[in-house]
Amino acid sequence: MAPTSSRETIAPAEHGSSPDLRELVSALEGSPAEQGLRERKKRARRAALIDAAQNLVTEHGLDAVTVEMISAEADVSPRTFFNYFESKDDAVLGAEDTGLPEDVIRTFVEGGPTGRLLSDLQVVVAALLAPAGEAHDRVMRAMDLMQQEPALLRRHVVWMDRHKSRLGELFEARRATVPFGADTELLTMLVLLMLRTALVAWEHAGYTGNPADHLPAAVAQLVDLVAADLDR
């Protein structure tokens with residue numbers, strides 16, 4: 001009979017031997033299929049919280065909505081809510097706490113994936129744009145609500161500042177591994193510019209496809225601008 005829990009997958013160690021740490025971690029985390037199921041459930045619960053928060057704020061206004069109301073609407077406990085978001089404002093905005101997948105961070109810090117800084121920045125920006133493409137309707141509702149609720153706009157600014165700080169840490173980590181001359185603040189502003197340009201192009205395209213689809217054109221414009229000055 002197949003094991004029904006992670007506990008059953010850990011066989012007793014033989015006398016005089018110690019289990020490999022990776023095997024223990026793998027057993028505790030479950031099979032890839034089990035990990036995938038847990039991740040899908042987490043994404044679904046997070047989406048349910050965003051939908052609940054946005055619907056309630058649309059109906060009642062931000063000040064009248066509480067974390068308890070959002071949790072009840074999404075059929076989770078307030079404690080579970082705080083596993084996903086720091087505040088009700090973050091839930092309405094659908095703010096991502098992590099921002100970048102670990103494999104993207106690791107590859108960039110190690111000097112990849114191409115070894116060319118601008119091209120590698122494009123990979124980072126594409127990863128930052130991915131959530132917007134996967135949750136188009138929620139992103140649009142968040143943008144609409146920011147126009148109606150000034151507190152949400154202020155929270156969005158705080159969120160952006162936090163991510164600017166994390167981007168700076170990311171660039172400095174790469175600099176320590178693969179030294180480069182570009183200023184960290186300049187690179188941070190460049191990433192934000194690429195994000196904004198791709199999102200605006202996505203909007204002009206009627207939100208078809210994914211925002212990252214418009215990133216190569218944004219980068220090409222930047223390269224052409226610099227090349228034109230160099231040719232003079």
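**Group meeting: an all-helix predicted model**

The accessible surface of this chain comes to about 14,400 Å², and 55% of that belongs to carbon and sulfur atoms. What you have in front of you is a predicted model, so I will take confidence before anything else.

Mean pLDDT for the chain is 82, with 81% of the residues at 70 or more. Where is confidence lowest, and where is it highest? The low end is helix H1, residues 21–29, with a mean of 50. The high end is helix H3, residues 67–74, at 97. Ahead of H1, residues 1–19 stay under 50, and for that stretch the model has 10 contacts beyond four places in sequence. I will say nothing further about that part.

Now the overall layout. The chain has 11 helices and zero strands. Read along the sequence, the pattern is therefore α-α-α-α-α-α-α-α-α-α-α. Of its 232 residues, 32% count as buried. As for contacts between residues at least 6 apart in sequence, 61% of them join residues at least 24 apart.

One helix pair to look at is H8, residues 136–148, with H9, residues 150–177. Their axes come within 5 Å and cross at roughly 115 degrees. Which residues make the contact? From H8 they are Leu145, Met146 and Gln148, and from H9 they are Pro150, Leu152, Leu153 and His156. Sorted by class, that is five nonpolar residues, two polar and no charged ones.

Charged side chains do pair up elsewhere. The count of salt bridges comes to six, and I will go through three of them.

The first on my list is arginine 138 with aspartate 51, at 2.8 Å from N to O. Arginine 138 sits in helix H8 and aspartate 51 in helix H2, residues 32–60, which puts the partners 87 residues apart. Are these two buried or exposed? Arginine 138 has 24% relative accessibility, so it counts as partly exposed. Aspartate 51 has 21%, so it also counts as partly exposed. The cut-off for buried is under 20%.

Next is arginine 155 with glutamate 86, where the closest N and O atoms are 3.2 Å apart. Arginine 155 is in helix H9, while glutamate 86 is in the loop between helix H4 (78–81) and helix H5 (88–93), so this pair ties together parts 69 residues apart in sequence. Here the partners fall on either side of that cut-off: arginine 155 is buried, with a relative accessible area of 19%, and glutamate 86 is partly exposed, at 47%.

The last is arginine 174 with aspartate 120, 3.0 Å from N to O. Arginine 174 belongs to helix H9 and aspartate 120 to helix H7, residues 117–134, so the pair ties together parts that are 54 residues apart in sequence. How buried is each partner? Arginine 174 is buried, with a relative accessible area of 2%. Aspartate 120 is buried too, at 0%.

One addition on networks. Asp51, Arg138 and Arg141 are joined into one network by salt bridges that share partners.

To recap: the chain is predicted and has 11 helices with zero strands. H8 meets H9 through a contact that has no charged residues. Arginine 155 of H9 bridges to the loop between H4 and H5, and arginine 174 of H9 bridges to H7. For residues 1–19, keep in mind that pLDDT stays under 50.

How values were computed
Residues are numbered from 1 along each chain as its sequence is written. This is a predicted model: local features need pLDDT of at least 70, side-chain atom pairs count only at pLDDT 80 or more; totals for chains, interfaces and linings use all residues. Side-chain values use heavy atoms; hydrogens and water are left out. pLDDT is the predictor's confidence in each residue, from 0 to 100. Helices (H or I, at least four residues) and strands (E, at least two) are DSSP runs, numbered from the N terminus. Contact means heavy atoms within 4.5 Å. Buried means under 20% relative accessible area, exposed over 50%, partly exposed in between (1.4 Å probe, protein chains only). Accessible areas come from the Shrake-Rupley method with a 1.4 Å probe; for residues, only the protein chains shown count as cover. Axes are lines fitted to C-alpha atoms, for helices over the stretch in contact, and angles run from 0 to 180 degrees between N-to-C directions. Ala, Val, Leu, Ile, Met, Phe, Trp, Tyr, Cys and Pro count as nonpolar, Asp, Glu, Lys and Arg as charged, and the others, Gly among them, as polar. A salt bridge is a side-chain nitrogen of Lys or Arg within 4 Å of a carboxyl oxygen of Asp or Glu.
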